[in-house]
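Please look through the sequence and the three-dimensional structure shown below. The paragraphs that follow lead from one pair of side chains to the chain as a whole.

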Amino acid sequence: MTISRRRFLILGAVTATAFAMPPFISLKAYAANLEQPAMSKVTINVNGKPRELDVDTRTTLLDALREHLQLTGTKKGCDHGQCGACTVIADGRRINSCLTLAVMHEGSDVTTIEGLGMPDKLHPMQAAFIKHDGYQCGYCTPGQICSAVAVIKEIRDGIPSHASASLTEPPQLIASEFQERMSGNICRCGAYSNIIEAITEVAEVPA
């Protein structure tokens, strides 16, 4: 008996599907079972307020903030942790919210751009970005500002970077440190020099 290559591939696919399915379960029931997401409750302190969410365990912190809490200031750019547009501050450290799951932040303190300041009461970093034109289209700006606030704290806490002159001496609040630490936040409009000027102004104010 001769079997064509096309028929051989079809039979192989059908056989593989049959072995992959649990025994005695119809295709319809199997598909319905796959569509049921695993849900979990999580409480996250967002911008100073406890927020209880019931989310799919696969939900990223970014999507939880944007889709469940309507905090759309945090932007979705690459969704792969490469652009920094989704940067938020979690337990005092800046993170890419697209790379972490919401359920991993039970009890965490998360600060978004809305939590730093609003139009009627700007955070000093927000005011400095406006003063120095540290943005153009503005899409990356929330992540840039959250990252910049955390960068100053990192330096004041003595955490070294690749640009630090010494691992034993405290790092300095200087442009080269800001540039290195902000390198994970991409500005496609190219407002980098203005961003560094804004950070420098805020950093010169005593904590």
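**A guided reading of the structure**

In a salt bridge 2.9 Å long from N to O, the side chains of Glu177 and Arg181 meet; the term denotes a side-chain nitrogen of Lys or Arg within 4 Å of a carboxyl oxygen of Asp or Glu. The model is a predicted one, in which local features need pLDDT of at least 70 and side-chain atom pairs count only at pLDDT 80 or more, while totals for chains, interfaces and linings use all residues. Residues are numbered from 1 along each chain as its sequence is written, and side-chain values use heavy atoms, with hydrogens and water left out.

Both Glu177 and Arg181 belong to helix H7, where they stand 4 residues apart, about one turn of the helix. Helices (H or I, at least four residues) and strands (E, at least two) are DSSP runs numbered from the N terminus. An α-helix has 3.6 residues a turn, so residues three or four places apart point the same way. Glu177 counts as buried because its relative accessible area is 2%; buried means under 20%, exposed over 50%, and partly exposed in between, with a 1.4 Å probe and protein chains only. Arg181 is likewise buried, since its relative accessible area is 6%.

Arg181 also has a salt bridge with Glu154, at 3.3 Å from N to O. Glu154 lies in helix H6 and Arg181 in helix H7 (residues 175–181), so this pair ties together parts that are 27 residues apart in sequence. With a relative accessibility of 10%, Glu154 counts as buried. Returning to the pair Glu177 and Arg181 in helix H7, one finds that shared partners join the salt bridges of Arg94, Glu154, Glu177 and Arg181 into one network.

How many salt bridges does a search of the whole structure find? The number is 8. One of them links the side chains of Asp79 and Lys76, at 3.9 Å from N to O. Asp79 counts as partly exposed because its relative accessibility is 33%, and Lys76 is placed in that class because its value is 31%.

The text now turns to the nonpolar interior. A nonpolar core is a set of buried Ala, Val, Leu, Ile, Met, Phe, Trp, Tyr and Cys residues joined through side-chain atoms within 4.5 Å. The largest one has 25 residues, and those with the most contacts inside it are Met125, Phe129, Ile145, Phe178 and Ile199. Two or more residues of this core come from each of helix H4 (113–116), H5, helix H6 (141–156) and helix H8 (192–203). H6 supplies the largest share, 8 residues. Ile199 is in contact, meaning heavy atoms within 4.5 Å, with Met125, Ala148, Ile152, Phe178 and Met182, leaving aside its neighbours within four places in sequence. Apart from the largest core lies another, of 14 residues, including Val42, Ile44, Leu61 and Leu65.

Which residues of H3 are buried? They are Leu61, Leu62, Ala64 and Leu65. These residues pack against strand E1 (39–46), E2, strand E3 (87–90), strand E4 (93–96) and strand E5 (109–111). Before this helix comes Thr60, in the loop between strand E2 (49–56) and helix H3 (61–68). Thr60 counts as buried because its relative accessibility is 14%. Its side chain reaches the backbone nitrogen of Asp63 at 3.1 Å. Not counting residues up to four places away in sequence, Thr60 touches Ser97, Cys98, Thr100, Leu101 and Ala102. After H3 comes Gln70, whose phi is positive, near 55°.

Some nonpolar residues are found on the surface. Ile130, in helix H5 (residues 124–131), counts as partly exposed because its relative accessibility is 43%. Leu122, Ile130 and Tyr135 form a nonpolar patch there, with about 250 Å² of accessible area together. A patch of this kind consists of residues with over 30% relative accessible area and no salt bridge; nonpolar side chains (Val, Leu, Ile, Met, Phe, Trp, Tyr) are joined within 5 Å, and like charges within 9 Å. Accessible areas come from the Shrake-Rupley method with a 1.4 Å probe, and for residues only the protein chains shown count as cover.

Finally, consider the chain as a whole. Its secondary structure comes to 8 helices and 5 strands, in the order α-α-β-β-α-β-β-β-α-α-α-α-α along the sequence. Of its 207 residues, 36% count as buried.

Terms used. A polar contact is a pair of N or O atoms within 3.5 Å; within protein, one must be able to donate a hydrogen and the other to accept it, and residues adjacent in sequence count only if both atoms are side-chain atoms.
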